[in-house]
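Hello,

I am passing a structure on to you, with the sequence beside it. Please open it first and keep it in view while you read the notes underneath.

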Amino acid sequence: MSIPTTTPSVAKAKWLNRVKWDEHGLVPVIAQEAGSNDVLMFAWMNRDALYKTVELGEAVYWSRSRKKLWHKGEESGHVQKVLEIRLDCDEDVVLLKVEQAGGIACHTGRHSCFFQKFDGDARDGDWHDAEPVLKDPQAIYTDKTK
């Protein structure tokens with residue numbers, strides 16, 4: 001299922017044509033914290049989300065579960081101010097360099113979504129939390145279904 005572009009100004013933005021969108025009209029996006037270079041999260045964008053990100057100067061993603069645009073921090077207040085946008089060599093992955101409001105990018109209340117670290121070997125290894133919860137998610141979100 002392709003995600004339709006609804007905004008006329010988005011359709012006219014020729015720079016969006018450089019991005020190699022997948023069969024669903026999406027591109028993977030990595031949010032990286034400026035300064036620390038920590039990878040904060042991975043998400044998806046459609047044409048409207050990338051256009052809106054450039055327009056607002058704040059990260060706007062496409063929520064596949066909600067099937068709508070998601071302005072990062074719209075509920076939690078943990079917005080991502082976009083300082084730089086890069087396109088990879090194959091033009092099929094976007095990298096956002098961001099300032100993360102509140103220091104929390106993950107809905108679990110952690111700094112990064114990549115808080116689980118693998119320890120051990122292939123036979124006996126397991127995943128362990130490597131970063132602490134900075135704020136209880138129930139204190140962050142009004143929608144407890146996340």
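**The aspartates**

Asp92 is partly exposed, because its relative accessible area is 30%, which falls between the limits of 20% for buried and 50% for exposed. Please keep in mind that this is a predicted model. Asp92 sits in the loop between β5 and β6. Leaving aside residues up to four places away in sequence, Asp92 touches Lys20, Val27, Pro28 and Leu87.

Asp88 is also found in the loop between β5 (80-87) and β6 (94-100). Its relative accessible area is 27%, so Asp88 too counts as partly exposed. What does the side chain of Asp88 reach? It comes to 2.8 Å from the backbone nitrogen of Asp92. In UniProt, an unreviewed entry lists Asp88, Asp90 and Asp92 under "binding site".

**The cysteines**

The unreviewed UniProt entry also lists Cys89, Cys106 and Cys113 under "binding site". Do these cysteines gather at one spot or lie apart? They span 25 residues in sequence, and the farthest two C-alpha atoms are 27.4 Å apart, so they do not all gather at one spot. From this set, Cys106 and Cys113 belong to the lining of the largest pocket.

Cys89 is in the loop between β5 and β6. With a relative accessible area of 76%, Cys89 is exposed, as the limit for that class is over 50%.

How many disulfides does a search of the whole structure find? The search finds zero. Cys113 is in no disulfide, and the nearest cysteine sulfur, that of Cys106, is 3.8 Å away. A pair of sulfur atoms must be within 2.5 Å to count, so the distance of 3.8 Å is too long.

Cys113 is found in the loop between β6 and β7 (116-119). Its relative accessible area of 31% makes Cys113 partly exposed. Not counting residues up to four places away in sequence, Cys113 touches Leu40, Met41, Ala105 and Cys106.

**The largest pocket**

The largest pocket has a volume of about 480 Å³. It is lined by 21 residues, and the closest to its centre are Met41, Ser63, Arg66, Trp70 and His107. Which elements give two or more residues to this lining? They are β2 (39-45) and β3 (60-63). β2 gives the most, with four residues.

**Helix α2 and Thr53**

Helix α2 covers residues 47-56, and in it Arg47, Asp48, Ala49, Leu50, Tyr51 and Thr53 are buried. At the start of α2, a side-chain oxygen of Asn46 reaches to within 3.2 Å of the backbone nitrogen of Asp48. Just after α2, Gly57 takes a positive phi of about 75 degrees.

Thr53, which lies in helix α2, has a relative accessibility of 1% and therefore counts as buried. What does Thr53 touch beyond residues up to four places away in sequence? The list is Met45, Glu58, Ala59, Val60, Val82, Ile85 and Leu96. With Val60 there is also a polar contact: a polar atom of the Thr53 side chain lies 2.9 Å from the backbone nitrogen of Val60. As for Glu75, this residue is 22 residues from Thr53 in sequence and 17 Å from Thr53 in space, C-alpha to C-alpha.

**Strand β1 and Val29**

Val29 belongs to strand β1, which covers residues 27-33. Is Val29 buried or exposed? Its relative accessible area is 0%, so Val29 is buried.

Val29 touches Met41, Phe42, Ala43, Trp44, Met45, Tyr61, Val94 and Leu96, again not counting residues up to four places away in sequence. Leu96 makes a useful example of how sequence and space can be read side by side. Val29 and Leu96 are 67 residues apart in sequence, while their C-alpha atoms are 7.2 Å apart in space. Leu96 also appears among the residues that Thr53 touches.

**Where to look**

To check these notes against the model, start with the side chain of Asp88 and the backbone nitrogen of Asp92. Then go to Cys113 and the sulfur of Cys106, and after that to Thr53 and the backbone nitrogen of Val60. Finish with Val29 and Leu96.

Regards

Terms used: Residues numbered from 1 in each chain as written. Predicted model: local features only at pLDDT ≥ 70, side-chain atom pairs only at ≥ 80, totals over all residues. Heavy atoms only, no water. UniProt positions renumbered as here; feature names shortened; annotations may be inferred. Buried < 20%, exposed > 50% of the residue type's maximum accessible area, 1.4 Å probe, protein only. Polar contact = N/O pair within 3.5 Å; in protein donor to acceptor, adjacent residues only side chain to side chain. Contact = heavy atoms within 4.5 Å. 1 Å grid on protein atoms, 1.4 Å probe; cavity = no way out; pocket = protein on both sides within 12 Å on 5 of 7 lines; lining within 4 Å. Points joined across faces, edges and corners; volume = space filled by probe spheres on them.
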